[in-house]
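The following exercises concern a single protein chain. Each task is followed by a solution that proceeds step by step.

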Amino acid sequence: RWLDRYDPEPAWALAGAWLWGGGVATFTSYIINTLAGSVTHAVTGSAALASFMTSSVSAPLVEEFTKGLPVVLILLFFRREFDGVMDGIVYAGVVALGFATVENVLYYGRNFMTAGFSGLFVTFFVRGLLDPFGHSVYTAMTGIGCGIARVARQKAVRYIAPLAGFAVAVTMHFLWNSIALIAGGVGVVVYYILIWVPLLLAFLAIVIWIGTREAKLIRTMLDFEVTSRLITAD
């Protein structure tokens with residue numbers, strides 16, 4: 001909401017994005033990811049391979065597709081509510097927050113039932129403290145691609161940018177899940193410090209720059225109204 005303060009999106013669009021993330025995207029991803037793991041285990045007999053298929057192959061592809069799809073739909077059918085890169089980040093972030101909310105509750109409950117408070121604490125530490133913005137940052141890559149497509153004049157860019165953003169989202173998601181699966185807790189901490197934190201800081205810097213640029217643009221475009229005394233400077 002803070003990022004979106006200069007040109008706020010309608011409440012119905014944000015609510016719909018959040019509900020899609022927490023409902024459609026979560027449910028669809030759960031079904032497909034479960035099927036991918038079950039089929040892999042049935043065919044290969046390997047629990048490790050089934051876990052890799054679920055976490056590192058199916059989850060990044062399916063989850064980023066189901067989270068990115070509503071952003072694309074808003075771009076296509078509600079273009080008046082989708083003005084550029086910042087809007088892409090906002091819509092993608094809200095969809096991903098809805099997804100993460102439901103997914104985290106499911107993970108917390110499952111790990112508490114199987115491993116008690118120790119399992120709950122470890123899961124909360126990784127998902128709630130180390131990586132609370134993971135899903136939002138991943139899906140924001142698709143949102144950025146859609147935002148670039150919205151303002152692009154070249155027809156090729158309009159098609160390539162969302163696909164490129166989706167590819168980056170899948171890659172980032174794949175890296176996090178794979179490191180956690182293969183290297184365990186130590187690997188997650190090392191990856192978090194050396195790679196994830198710098199990436200997150202760079203992303204935040206870009207977002208702040210976009211917001212500052214948007215504010216300056218609005219002020220510039222409203223100068224005429226101020227000098228004409230149609231509105232006050234404040």
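A residue is called buried when its relative accessible area is under 20%, exposed when it is over 50%, and partly exposed in between, with a 1.4 Å probe and protein chains only. The model is predicted: local features need pLDDT of at least 70, side-chain atom pairs count only at pLDDT 80 or more, and totals for chains, interfaces and linings use all residues. Residues are numbered from 1 along each chain as its sequence is written, and side-chain values use heavy atoms, with hydrogens and water left out.

**Exercise 1.** Classify Arg229 by accessibility and describe its backbone.

Solution. Begin with the position: Arg229 lies in the segment after H6. Its relative accessible area is 77%, so Arg229 is exposed. Next, consider the backbone, where phi of Arg229 is near 65°, a positive value in a residue other than glycine. For context, most residues other than glycine have a negative phi.

**Exercise 2.** Describe the overall architecture of the chain.

Solution. Count the secondary structure elements, taking helices (H or I, at least four residues) and strands (E, at least two) as DSSP runs numbered from the N terminus. The chain has six helices and zero strands, in the order α-α-α-α-α-α along the sequence. Then consider the extent: along the principal axes, the C-alpha atoms fill a box of roughly 75 × 35 × 30 Å. Of the 234 residues, 40% count as buried. Finally, examine the contacts (heavy atoms within 4.5 Å). Among those with a separation of 6 or more, 72% come from residues 24 or more positions apart.

**Exercise 3.** Locate the salt bridge that the structure holds and describe its surroundings.

Solution. Apply the criterion, a side-chain nitrogen of Lys or Arg within 4 Å of a carboxyl oxygen of Asp or Glu. The structure holds one such pair, formed by the side chains of Lys67 and Glu64 at 2.8 Å, N to O. Both residues belong to helix H2 (residues 47-77) and are three residues apart, about one turn of the helix. Lys67 has 0% relative accessibility and therefore counts as buried; Glu64, also at 0%, is likewise buried. Now turn to Thr139, which is found in helix H4 (residues 134-151). Thr139 touches both Glu64 and Lys67, along with Gly68, Ala92 and Ala96, when residues up to four places away in sequence are not counted. Thr139 is itself buried, because its relative accessible area is 0%.

**Exercise 4.** Which side chain of opposite charge is nearest to Glu214, and how far away is it?

Solution. Place the residue first: Glu214 is in helix H6 (residues 184-227). Then search for a partner, with Lys and Arg counted as positive, Asp and Glu as negative, and His and the chain ends not counted. The nearest side chain of opposite charge is Arg5, 7.1 Å away, and Glu214 is buried without a salt bridge. Lastly, list the contacts of Glu214 beyond its neighbours within four places in sequence: Leu3, Tyr6 and Met86.

**Exercise 5.** Identify the residues of the nonpolar surface patch that includes Val186.

Solution. Select nonpolar side chains (Val, Leu, Ile, Met, Phe, Trp, Tyr) of residues with over 30% relative accessible area and no salt bridge, and join them within 5 Å. The patch consists of Val186, Val189, Val190, Ile193, Leu194, Ile195 and Leu199, with about 630 Å² of accessible area together, calculated by the Shrake-Rupley method with a 1.4 Å probe; for residues, only the protein chains shown count as cover. Val186 is placed in helix H6 and, at 64% relative accessibility, counts as exposed.

Key:
Patch = residues over 30% accessible without salt bridge, like charges linked within 9 Å, V, L, I, M, F, W, Y side chains within 5 Å.
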